[in-house]
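Please take a moment to look over the protein shown here before reading on. The paragraphs below begin with its surface and then move outward to the whole chain.

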Amino acid sequence: MADPRGFITTPRELASRRPVAERVNDWHEVYPGTPGLAVLPIIEKQAGRCMDCGIPFCHQGCPLGNLIPEWNDLIWRDDWRGALDRLHATNNFPEFTGRLCPAPCETACVVGINRDPVTIKNVEVAIIDKAWQDRRVIPQVPEWHTNKTVAVVGSGPSGLAVAQQLTRAGHTVVVHERADAIGGLMRYGIPEFKMEKSVLDRRIKQMELEGTVFVPNVNVGVDITAEQLQERFDAVVLAMGSTVGRDLPVPGRDLGGIHQAMEYLPQANRVARGEDLPDQILATGKDVVIIGGGDTGADCLGTAIRQGARSITQLEIMPRPSEARPARSPWPTYPMVFRVSSAHEEGGERLYAVSTSEFVGQDGAVSGLRLSEVEFVDRRFVPVEGTERILPAQLVLLAMGFTGPQREGLVTELGVSLDPRGNIARDTDFATDVPGVYVCGDAGRGQSLIVWAIAEGRSCAAAVDEYLNGSASRLPRPIRPTDRPLAV
Ligand SMILES: Cc1cc2nc3c(=O)[nH]c(=O)nc-3n(C[C@H](O)[C@H](O)[C@H](O)COP(=O)(O)OP(=O)(O)OC[C@H]3O[C@@H](n4cnc5c(N)ncnc54)[C@H](O)[C@@H]3O)c2cc1C
Ligand code: SF4
């Protein structure tokens, strides 16, 4: 156990973010310098708050089964090398989760029953950022090659995790990505201020040095057929994400100025990295309305603030969650509570329990939207009489989630079945109903989180390794596709 009295004597302390007035003028991460290094002066004492529980519920909260009490203890004892080994034992990319995960481990932490939980996510990011700084993250080149080949389609966190595990197991892995750069939603969805792309680039470099081959600008199903892929490779893994954005088909939807979040965010990400886009969708000087209250909506908010929007309103159909953990989601489950992301600290207004019935406009361009307050009656949202009003908006961003992977093209060509929710169906070994074709990440699970994508990629790799070798795999398998969270 780290400090036996740490959880009593040391209050929870988080890394400080840069002042809002400073950070909204740039695209850098919201922490001063690197988040894991910014937190170093306080992190040993924070790790010392861990009680090394006999039954560590934080393990259960984390889909990866991260060995949290072990690394907390090692950090408290100043053994950073040992902590890195334990961290990498369960997570290929802790610098992604240490920055971007909503940390279901923390809402499951036992200290959190009657005090503030251990700052697990900050300990994680400190271990990995310090390791990168100390040049301890080095390529792990396989000792032998199996002569088996695997095609991975999609380079988001699930595709990267499955590729790294299979490459290290000695297989020849080629990751195909239709975008011009590797990373999936971490490249063109998630903004720089949440995770700078240099963090992604250095991990891709490590994977290249280990032997993973990356082929961007290849849309599988268009540039090469599914048949060609199956002919050339011994196994195929679909890690193509849940990319079809949910729409809002109300009158006026065809007006100009109404865009899916994933039309808007990739452009902003490209420009933040120095690209020149003459027809960029911009929030500058506009009243912006974001429909959808989740992560994607918050990313649109932070981006619109940095672009100099006149006003920003984020709409959510659900009622405002309570500040405290509600009775229906007791510890250790992940509760629906009112959360303030870094973007919400920076500005904008949030409206809850409202629904849009129409977009209005002039000369083909949106100028506002008609909304009303809603109540949940008989399992549906019903407008509250007398609450209808027009909200001005010259830019509307739809951030209402995703309905599944793109069906036309590869999915149809391969003939894999879909589940009732429209995701690619798989068995408990991540296998689709087409022999040799596997699926992991959002494409099979539905819209989810980076931590689940990594856990799925790691587990799918074990199943593919077994299929290729015809014998039990030594790769870890943290989850089965049917696993549902304690959390999220
Ligand atoms: C704006 C936004 C912000 C988010 N923020 C967070 C966050 O802060 N924390 C968090 O945990 N989660 C967040 N998420 C969710 C998280 O990003 C996803 O759950 C995760 O990226 C899913 O990983 P994946 O590998 O399954 O797919 P993706 O990351 O979606 O990657 C799939 C890749 O497959 C490629 N592809 C698809 N079809 C083909 C084809 N036919 N040929 C070649 N390539 C193809 C796509 O171009 C894409 O690059 C966010 C999501 C969005 C949209
Ligand atoms: S539940 Fe909290 S206190 Fe217990 S081992 Fe995990 S991090 Fe430490």
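A surface patch, in the sense used here, is made of residues with over 30% relative accessible area and no salt bridge, and like charges are joined into one patch when they lie within 9 Å. For the sign of a patch, Asp and Glu count as negative. In this predicted model, a negative surface patch is formed by Glu 44 together with Asp 78, Asp 79 and Asp 85.

Glu 44, one of the members of that patch, belongs to helix H4, which covers residues 40-47. Is Glu 44 buried, partly exposed or exposed? Because its relative accessibility is 31%, Glu 44 counts as partly exposed, given that the partly exposed class lies between the limits of under 20% for buried and over 50% for exposed.

Another helix, H2, spans residues 20-23 and holds Ala 21. With a relative accessibility of 60%, Ala 21 counts as exposed. Although Ala 21 and Glu 346 are 325 residues apart along the chain, their C-alpha atoms are separated by 8.2 Å.

Turning to the protein as a whole, the chain contains 20 helices and 14 strands. Its radius of gyration is 23 Å, close to the 23 Å that the globule rule gives for 488 residues, so the protein is as compact as a globular protein of that length. The C-alpha trace spans about 65 × 65 × 50 Å along its principal axes, and 55% of the 488 residues count as buried.

Methods:
Residues are numbered from 1 along each chain as its sequence is written. Chains are lettered from A and ligands numbered from 1 in the order in which they are written. This is a predicted model: local features need pLDDT of at least 70, side-chain atom pairs count only at pLDDT 80 or more; totals for chains, interfaces and linings use all residues. Side-chain values use heavy atoms; hydrogens and water are left out. Patches are made of residues with over 30% relative accessible area and no salt bridge: like charges are joined within 9 Å, nonpolar side chains (Val, Leu, Ile, Met, Phe, Trp, Tyr) within 5 Å. Accessible areas come from the Shrake-Rupley method with a 1.4 Å probe; for residues, only the protein chains shown count as cover. A salt bridge is a side-chain nitrogen of Lys or Arg within 4 Å of a carboxyl oxygen of Asp or Glu. The place of a charge is taken as NZ of Lys, CZ of Arg, CG of Asp or CD of Glu. Helices (H or I, at least four residues) and strands (E, at least two) are DSSP runs, numbered from the N terminus. Buried means under 20% relative accessible area, exposed over 50%, partly exposed in between (1.4 Å probe, protein chains only). The radius of gyration is taken over C-alpha atoms; the globule rule is 2.2 Å times the number of residues to the power 0.38.
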